[in-house]
Each structure stands twice: as C-alpha cells, then as structure tokens.
Amino acid sequence: MSEKQHVFDTFLRQDKLPHIWCPGCGNGIVINALIRAIEKTEIDPDNVVIVSGIGCSSRANGYMNFCALHTNHGRALPYATGVKMFNPKLKVIVVTGDGDCTSIGGNHFIHACRRNIDITTVVFNNNNYGMTGGQFSPTTPLGSKTKTSVYGSIDTPFDICSLAAAAGATYVARSTVYHVNMLINQIAEGINHQGFSVVEAVCDCPTLYGRLNKKGAAPDMLLGFKENAVMKAKADTMTEEELKGKIVIGNFAKRVDRKEYTAQYDSIIESAKGGH
Amino acid sequence: MENTYEIMTGNEACTHAAIAAGMRFFAGYPITPATEIAELSSEWLPKVGGKYMQMEDELASMAAIIGASSAGAKAMTATSGPGYSLMQENLGYAAMAEVPIVVAYAMRQGPCQGVATLPAQGDIMQVRWGVHGDHPIIAVAPASVGEVYTETIRAFNLAETYRVPVVIMTDAMLAHMSERIRIPDSSEYECVDRKRPTCPPEEFKPFADDGTGIPPMASFGDGYRWYCSGLIHDETGFPVSDNPQLTSDSIKRLVGKVENNLKDIESYEEYKTEDAEYLIVSIGLLSRSVKDAVDQARQEGIKVGVFRPITVWPFPEQRLAELSQNKRKLFVCEMNEGQLYHVVRESAGVTPVVQITQNNGKMIAAETILKALKEEI
C-alpha cells in the first residue's frame, strides 16, 4: 500500500467526517461494504450517482465522494429513476432505510421493482425510525417495543426481500452488518446486475430499537445477527415455527428473463425515429 | 422567413414548444385536463431521442424530472389541481436544490377533485405558496394558444437561467381549445442552457455564489462530483443545521434569484390604459373576455383599460402601482373567490379595488364583466 491510496481516502469525503450516527450504529459498516463493492466492480467513480431519501441511512451519501442527491422522505427511487433514465451510462445507487423505502416510499419501491430499471437499492434495515427517535417501521417485528408501540407492535412487518421479489425485482439479496463479506459481494453483484436490484442490509440500532427491546449493546446485537442468521437455501427447508426470530440471508432472486427498462426504451427511440 | 401556421390546442402547443425549447425528458401521471401533454410527449419525445416516463404518481413524476434535470436534461411535467398538490413536496426540493424544471399546469375547478373538465383560477395562491417555506418560483399565464407556445419556450429559458421552477399556468379551457397559431421559426427565439462550471472538478463548489446569485450547475456524469441536500446547505451542498447566518444568507440568495432580476423576468400587457380612468386586472384566457368588455365599455364612453400580468409570479407590482396612481378605481376579474385581488390591493395604494368574480367552472362573459363594471362607476 505504498503509492496506491486506500479506497477510503478517495471514496470518502474526509472533510465531512465524523458522521452524525450514534456510537455502535451499523450504518458505517454498510458504507464500508458499499465502498468496497464499488471498488470491486471497478466502475468509473465519476459515473456513480448515489441517491437517498430521509432518515439516518439517507445521510450516507453525504460522506461518500460521488455525485449524490439527498432528496425527500421516501422519494429517492423516483429521483434515481429520472437520473438513470435520462443518462443510462450512470451507475445509480439508492441508499435508503426500512421506513424511507417501504413505508412512505413503498409505492415507489414496488413500481421500481416492476419497471426493472438498472438501479441498485441498498436498504439499511434497522427495524425502526432512528432519526425521529425510535418509532415502529414497516419492518418492526410483531410485539416489539418502540416509542410508538410501547405495548408491543401489532402491525405485521414486511419481509423486504419477498416484497421486492414478488414485485418483480430481478436481483434480491439480504445480509447483515455482521456478514460483511457477503454484503460486499451482494452489493457488487447488484451493481453488475442489469436490472433493478435490492440488497437489504440488516443493521443494528443499539440506541433505540436495541435498547427498547433489551437487545444489549452493539456487539451483542451483531452477535445476535450471527446466531440468528440462516442461509436462504436452508431456510427453504425449515418450518414457519423454526424460522421464528431468524434472519434469512442470501439470494432471493436472480433473474435474467426480464429486459432492463432503459434498454427497452432505447428500442422505442429506435422505432420512433424509424417512423414505425 | 417562412411562416408556418397550425391549428393546435393549448396542450398541443405547450408540448410542441417544450420540445422546440429543448425538452428531452418528460415524466407525468395522467390527469384531466393536462393529460394530452403526457400523451403527446410519449409520442413525440422518442422521435427526437428524448425520454418519456409514466410514473406511479405525481410525487414520482416531479421527483423523476428533477433527477433527469440533475443529469443534464431540460425536463417538464404536466398536471392539474390534485396532481399539483402532490407535487408540492418535490417542487420544494427543486427550489431548494436549484434544479431547473418546468411544470405545465392546467387549472381546473377546485377544491379537491372539483370539476375536472372545467376551467378555474383557484390555484393562483397555491402556485405561489403551495411549497412550504420561503422559496422562489416563477409562473407565467398565457392568454391564447399562440402565447402558450411562446411562453412555454420562455418558461424553459427562465428555468435554465435562474435555476428556479417555472410553472406555465393555463386552465381547462385554454388547454383544450384550438386556435390557429403561427409556429415561430427557431431563428426567432433563443434557447438558453444553464450556466456550466469552468473550474477544475476538484475546486467545484456546487452552491458557491459566483457574484450573480446563480451558481453554475454541473450535470451528473460530466466529471464534477457534487452533492446536494434538501436541508439548508453550505456551498458544498452539505447540510448545516446550526448556522443562523448561513441559513439566512441561503434563503435570501434563493429568493433573490427572482427578486433581483424582476426586469428580466416580469412581463405584462397593457390594453387601452393610456387614457383610462378605470383599470381591470385579469390573467390568462379570461383576460380576453375582459378585453371584450373593455371594448364595449369604451363604445359607451367609459374610459377603462386592462392590465394583464403575464408573469403572475413575480407579480408586476411596481408597474401596477404606477398605473394605479391616477385611476378612479381598479377592478380584479378572476375565476375564484378572490386571490389576485389581495395582491392587487397591495399595489393599489389608496385607489379602491373592486372584485369581479365568478366561480362556477364557466368563463366570465364580457356582458357579465361590463355589467359589474357599470354598477361600480
């Protein structure tokens, strides 16, 4: 490592650090994975655009040295769609959270999956709204305590990966901030995949969700991810009862049967210009 | 120069002119009475290598055109009342992040779903203040299909020049009515492109004032890496939450882009105002009824003229204040319960201001205006 600069020196905006997140927050690990994935894919950093919405996770692109839009709550995907559609050469990545992506942005999410536009979406899932102080989100497990579910949540959570796959996303995977190498590989695969890809990064929020549900400090939560993680292939053989409290990791979809959206539109341009 | 004439609806003229002005991206959601702009964009844009997208809703439509504009596109959406309400959130982002975009906005009878197929002018204040917080916005209100064409070109130029959202305000009737218009030759108008940075990429600060109040804008992918937040941000685009001076300076620069350039932005028409004792203020298609009423009144010896703001926002208040000085009375004719009325009162000084309103989805007939005028003089 004598002359070559470390990837963090060039891909992080050093002048914007330290970050705003709490001690022990898993978001930094996801940034680490994202940066290493971008490095791995060897894409031109000048062509990377990272779009985010609002929430803790959506601050991530401010710390990374790429083109970026920090947009409105839930809206990262339609902004990203406009960027990608107008200039398909750009590598567009969305960083979003469980609330941003599947609650206020839920409609945009399923339609982006349906469209199959070549955008890589990294969902930081910490099971609650962190930035506003720990309220329940669409991924808060049943019975969990949050600031707005002090008696335990009665709202059935979404399984983000199943939702994405059902809505038509062509690459879907999940990992946790404990399984960092897997996360790096999944994000890199998502970036290389020609189509809409979703990588869910299960992430600890020790300050709010973890504390309110007595999950211990950050290291305890990470160990919890390690202990409760089950690979998708194995999970497929387990009963619903056996899967209670488990985190299914691995690939949920990897399809090549659907054409990418901007490529399809190129054909439209071709035929429109040809007068058909 | 060759004169090309065509019969077009307001919506057709808007789409045709937008493409002539350089629009290469349109995202929208079907809504009466603006839908034809989406339909025509979907057909015409790919012919010139442009892109059309039908989004899942109006929030997404506004978001997508801002994204495309950030990547360098001249981009537009088209909508009406309920859709425009949904666009406000992301319209605020366009104002805050200074991303040039254009909205073709055909007003329909409100509130709520109102009457989708009938014209109204109930959204004059929403166009100005629908977005929360102080922000710049420009809105033009053409009065004819021909003017829809020329004002649409101007809307794109204003958006590119000032990095401010620009709204083209028509109504359900102007959007759908056909007129014979002259299509201007491309040599007759200028197509303005946003100012680009010239510094080396590593020195680029995307929101640094270069002395004009309007920072140069890079497109994603052209080598300048820039970041922008919808939060109050510094010249690097990064959020800053604990700096009162920067907060105040940022907002003043944003709104100053319009307020410091009124001479270039504002436009209006004065009709028979030279010797007028009375003045009727009116915008859009309705102003043509008002002109009819004025012509009839003049035949009866009533000295009345029309002041028609073409830019509704910024409202040409200084010119109206000058015109108001020697008038006996001002009238505001509008299809709502009184919106422009309040703005006119601010410019009227001591001159009394009288409302002529009708809010039923119908254009106000010249006879109705004349009758109301005569009752007050």
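Which residue just after α1(B) takes a positive phi? In this predicted model, local features need pLDDT of at least 70 and side-chain atom pairs count only at pLDDT 80 or more, while totals for chains, interfaces and linings use all residues. Residues are numbered from 1 along each chain as its sequence is written, with chains lettered from A and ligands numbered from 1 in the order in which they are written. The residue in question is G22(B), with a phi of about 110 degrees.

Helix α1 of chain B (residues 10-20; helices are DSSP runs of H or I, at least four residues, numbered from the N terminus) has nine of its eleven residues buried, so it is largely enclosed by the rest of the structure. Buried here means 20 or more other C-beta atoms within 10 Å of the residue's own, with C-beta atoms placed from the backbone. Among the buried ones are N11(B), E12(B) and T15(B).

α1(B) packs on α6(B) at an angle of about 35 degrees, the axes sitting 8 Å apart; axes are lines fitted to C-alpha atoms over the stretch in contact, and angles run from 0 to 180 degrees between N-to-C directions. Residues including A13(B) and A17(B) of α1(B) meet a set in α6(B) that includes Y149(B) and F156(B), contact being C-beta atoms within 7 Å.

As for the largest nonpolar core (buried Ala, Val, Leu, Ile, Met, Phe, Trp, Tyr and Cys joined through C-beta atoms within 7 Å), V49(A), V51(A), V83(A) and V122(A) touch the most other members of its 206 residues. Helix α6 of chain B gives the most to this core, nine residues.

How values were computed: A residue is buried if 20 or more other C-beta atoms lie within 10 Å of its own, exposed if 12 or fewer, and partly exposed in between; C-beta atoms are placed from the backbone. Helices (H or I, at least four residues) and strands (E, at least two) are DSSP runs, numbered from the N terminus. Two residues are in contact if their C-beta atoms, placed from the backbone, lie within 7 Å.
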